[in-house]
Amino acid sequence: MSKKTLVEISVNDDVKLTAQFEDNATTRELISRMPFTINMDNLYSREMCHRYGHGGLPIDDAQDRGYQVGDISYWPPMGSLVFLYKQNGEIFEQQPVGHIDNDISFFSRLGSARVTFRLKN
């Protein structure tokens, strides 16, 4: 079984979520930057997205795959870090980052959010 790292995610300095990050090149880079804060925008009525830009994060396992609600993924073509809060059955190229176990349906009501990532003690 692969090693998981617990990460606390704070949304608008209000809602606290816990994510389990995978162990891969993308997550190791994100973890090395923690704590950090990014702005995320609601896209396609299914995801919150922050665009680092193409090549913004390293990848080592990007491939076409489906997703589950709560997944955190990195989409290499636009360098997008995304929280997937609604299912539409799409399969797309992605590098798995982790999974949020909390209910994240509240993202559907947000246009954008300030999101902070830190290692969970």
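In the next few minutes I will go through some backbone features and the nonpolar cores of this structure, which is a predicted model.

Let me begin with the backbone. As general background, most peptide bonds are trans, and most residues other than glycine have a negative phi. Against that background, the bond joining M34 to P35 is cis, its omega being near 0°, and P35 itself sits in the loop between α1, residues 25-33, and β3, residues 36-43.

Two residues then deserve a word for their phi. N12, which is not a glycine, has a positive phi of about 55°, and it belongs to the loop that runs between β1 (5-11) and β2 (15-21). S45, also a residue other than glycine, has a positive phi near 55°, and this serine lies in the loop between β3 and β4 (47-51). Are these residues buried or exposed? N12 counts as partly exposed because its relative accessibility is 36%, while S45 is exposed, with a relative accessible area of 51%.

Turning now to the interior, the largest nonpolar core is made of 26 residues, and those with the most contacts inside it are I9, F21, I72, F83, F107 and F117. At least two residues of this core come from each of β1, β2, β3, β6 (71-75), β7 (80-84), β8 (92-100) and β9 (112-119). If we take F83 and leave aside its neighbours within four places in sequence, its contacts include I9, M40, M48, I72, I100, F107, V115 and F117, and also R46, E47 and D71. Apart from the largest core lies another one, of six residues, among them Y67, V82, L84 and F92.

Terms used:
Residues numbered from 1 in each chain as written. Predicted model: local features only at pLDDT ≥ 70, side-chain atom pairs only at ≥ 80, totals over all residues. Heavy atoms only, no water. Helix = DSSP H or I, 4+ residues; strand = E, 2+ residues; numbered from the N terminus. Buried < 20%, exposed > 50% of the residue type's maximum accessible area, 1.4 Å probe, protein only. Core = buried A, V, L, I, M, F, W, Y, C linked by side-chain atoms within 4.5 Å. Contact = heavy atoms within 4.5 Å.
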